[in-house]
Amino acid sequence: MRAFRSLARAMLKGFFRDKMAFFFAVIFPLMFLVLFGGIFTDQGASRSDVIQIGAVSVLDDAPRAVRAALDESLDVTRSSDEQDALEQVRKGDADAVIRQDGDRLVVRYSQADQVQAATVRGTFEAIVQSANLAETGQVPRFSLTTDQVEDDSLKSIQYYTPGLMGWAIASGATFGAATNLVVWRRNGLLRRLRLAPIPTRSVVLARVAVSIAIAIVQAAIFVGVGVALFGLRLTGSWPMIVPLLVCGTLAFMAIGLLAGAVARSEEAAVGIANFVVLPMAFLSGSFFPLDGAPGYVTAISKVLPLKHLNDGMLDTMVRGEGPSSAVVPMLILLGFAVVVTAVASRLFRWDD
Amino acid sequence: MGVEIRVEGLVMTYGDVRAVDDVSFTVAPGEFFGLLGPNGAGKTTTLEMIEGLRRPQSGTVRIGEHEPWRREPELQRRMGVQLQSSSFFERLTAREQLDTFGALYGVAPGRTAEMLEQVGLVDKADVRTEDLSGGQKQRLSIACALIHDPEVVFLDEPTAALDPQARRNLWDVLRSINDSGRTVVLTTHHMDEAEVLCDRVAIMDAGRILELDTPAALVRGLDAPVRISLAPGTLPVSDARALAGDDPVTDDDSGTTITTRDPSRVLTALARRDALDGLSVKGASLEDVFLELTGREYRA
């Protein structure tokens, strides 16, 4: 027990004194959270800037309810200088210029920003259509209802915190195990410990305990920053993230052990770990949702442990599912850990 | 204190290479034993089998009653090992390394201060190992091997990669290791080191032990001539030749040298003439023994 404690203490000190490791395990993923939190907070409020020249009856005479709906997608300013307005569109300061020529509505936009161009065109086509329809006095026969598939409550920060946290934990555990194994094998400490009167499992358990402790620190910082700065709202069964990240840590450590068993140098171990972790993070939806991804991407993501950790975290942290929703992801993560550890132990060497 | 090591018929092959080829010897309790040879001679592999890091393909090792490859904690508690000077936990201070190794062997925390004192690292106690010099790292690594006061100590090339000054400084520490009657086994590729430190030396080359004896006996067995040199101008060359009799004499800018198998006669004659200015006497060394045994110049 004393051997386990002192080994764990030595490894923890080694980690927290390694400024690079600490940066990449904690600060670097946190930078993404701050970045994404900043970029996507006003996502819903993106409106087109339109400059109106003179009177435009379809806008000016629109009923109040229609006008309010239009204001959600258009930010209309009035101007009398058409040349200046067109110049603003060319420079990208405004999205379109509109003016009315008799019964013709003229919309001039820049193709430089294709998304805005399409939005502006679509919006004004709809305005003209509905004005024409109103002119005929007919009651519309068809109507349109739109609804987004995601839960209304799933604001971007609710999605990104669990995803980026999963990525951070995956990096920390994988890199920690891989470099630890390679460095200790190269500097002879593995063999030195083998000749000490302690069971091998003390060394392994100490490393597992340290990785779990680091993961808990990462999660605490992520959730803390999310709640304090970006309005993250945790739902009922969020404490389930602790057992989830324990299982996740074991799965990612297994990947790290495999990388460390194969690699001959620390650089190679870091390279292999990067090669696995970064694509895995993309394919597991850590950086953006996979809802629109093609079927084969979804299929690949199902065999990646991070995907299941992310799912479990999303369900329990922000989607308000019960604690039982974490059970299946946890079992998958543990199964992954067992299989990969078995492979790693076959390739394991005490010395170079 | 001190324990006997018996090695019988050790063999280890890697592919077609017989890295260790039928090696046998016995180390007496309290003896300082050296395994000497160039890189690739099989010293380290032999040592690893004795320590228990490798199981011999054939042959046996016994330390006391134990077979080390079984890695019994009972034996490991009586055994101190120093492998490489870099075998430390990353980013810990000298004191923390000793505390950690001490905890692995279940020794009282007070031992750390004692060990720092013994290897002269008290003022480096709070320096991280990465910032220690090569010699200081070696001292610390030896201190880590001795933290639990073992009866038998294995040192694998403790002075490799040290400059001559640091090497000589470390010798003092190494000498003190078996003061208390510990058995010590050391590998080295430095001839002078084996001569200074070891009670007995096994000279290894190509996986075999070529000769095993005390350094003095090995050198004596050579029956090599002694070289007696004088400063230039101390003695006219003609006088030197007369004095040397049949022994060869060389004379150059650096002085006059008489090579003889009867140094006492030559030295007495020189003393009688009061011609001892800048005198130096060089006997054969283990280097010469190696040359004699292998027919090759010794290269570390």
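**Entry 1: confidence in chain B**

What pLDDT does chain B average, and what share of the residues score at least 70? I started here since this is a predicted model. Chain B averages a pLDDT of 90, and 98% of the residues score at least 70. I then went through the elements of chain B one by one. Helix α11 (residues 286-294) of chain B has the lowest mean pLDDT, at 81, while helix α3 (residues 94-104) of chain B has the highest, at 97.

**Entry 2: the overall build of chain B**

I counted eleven helices and 13 strands in chain B. Along the principal axes, the C-alpha atoms of chain B fill a box of roughly 70 × 45 × 35 Å. Chain B has 300 residues, and 51% of them count as buried. The domain assignment gives chain B a domain 1 (5-214) and a domain 2 (225-283). I looked up the distance between their centres over C-alpha atoms, and it comes to 43 Å.

**Entry 3: a hairpin in chain B**

How do strand β11 and strand β12 of chain B pair, and over how many bridges? I find strand β11 (residues 249-252) of chain B and strand β12 (residues 255-260) of chain B paired in the antiparallel sense, over four bridges. Two residues make up the hairpin that joins β11(B) to β12(B). If you want a spot to click on, try B:Thr250, which stands opposite B:Thr257 in β12(B).

**Entry 4: two aspartates with positive phi**

I went looking for backbone oddities in chain B and noted two. B:Asp22 is not a glycine, yet it has a positive phi of about 60 degrees. I located B:Asp22 in strand β2 (residues 17-27) of chain B. Its relative accessible area is 45%, so B:Asp22 is partly exposed.

The other one is B:Asp223, with a positive phi near 50 degrees, again in a residue other than glycine. B:Asp223 sits in the loop between α8 (215-222) and β10 (226-230) of chain B. Is B:Asp223 buried or exposed? Relative accessibility is 53% here, and exposed means over 50%, so B:Asp223 counts as exposed.

**Entry 5: salt bridges**

How many salt bridges does the structure hold over all chains? The total is 33. As a reminder to myself, side chains of opposite charge can pair when their charged atoms come close. I picked three of the pairs to write up.

In chain A, the side chains of A:Asp60 and A:Arg78 meet in a salt bridge at 2.9 Å, N to O. A:Asp60 lies in helix α3 (residues 57-60) of chain A and A:Arg78 in strand β2 (residues 74-79) of chain A, so the pair ties together parts that are 18 residues apart in sequence. A:Asp60 is partly exposed at 31% relative accessible area, whereas A:Arg78 counts as exposed at 57%.

Also in chain A, A:Glu82 and A:Arg99 meet through their side chains in a salt bridge at 2.7 Å, N to O. This pair links distant parts of the chain, 17 residues apart: A:Glu82 is in helix α5 (residues 82-91) of chain A and A:Arg99 in strand β3 (residues 96-101) of chain A. A:Glu82 is partly exposed, with a relative accessible area of 22%, and A:Arg99 is partly exposed as well, with 21%. I also see a network of salt bridges that links A:Glu82, A:Arg99, A:Asp101 and A:Arg104.

In chain B, I chose B:Arg111 and B:Glu114, whose closest N and O atoms are 2.8 Å apart in their salt bridge. Both residues lie in helix α4 (residues 111-118) of chain B, three residues apart, which is about one turn of the helix. B:Arg111 counts as buried at 17% relative accessibility, while B:Glu114 is partly exposed at 46%.

**Entry 6: chain A, domains and a surface patch**

Chain A is divided into domain 1 (2-40 + 155-347) and domain 2 (46-136). Taken over C-alpha atoms, the centres of these two domains of chain A are 50 Å apart.

Which residues form the nonpolar patch on the surface? They are A:Val262, A:Ile272, A:Val339, A:Val343 and A:Leu347, with about 390 Å² of accessible area together. Helix α14 (residues 327-347) of chain A gives the most to the nonpolar patch, with three residues. A:Leu347 lies in that helix, and it counts as partly exposed at 41% relative accessibility.

My last lookup was A:Gln158, in helix α7 (residues 156-186) of chain A. A:Gln158 is buried, with a relative accessible area of 3%. From A:Gln158 to A:Met280 I noted 122 residues in sequence and 20 Å in space, C-alpha to C-alpha.

Definitions and conventions:
Residues numbered from 1 in each chain as written. Chains lettered and ligands numbered in written order. Predicted model: local features only at pLDDT ≥ 70, side-chain atom pairs only at ≥ 80, totals over all residues. Heavy atoms only, no water. Patch = residues over 30% accessible without salt bridge, like charges linked within 9 Å, V, L, I, M, F, W, Y side chains within 5 Å. Areas by Shrake-Rupley, 256 points an atom, 1.4 Å probe, with all protein chains shown as cover. Salt bridge = Lys/Arg side-chain N within 4 Å of Asp/Glu carboxyl O. Buried < 20%, exposed > 50% of the residue type's maximum accessible area, 1.4 Å probe, protein only. pLDDT = per-residue confidence, 0-100. Pairing = 2+ DSSP bridges. Domains from an automatic or database assignment.
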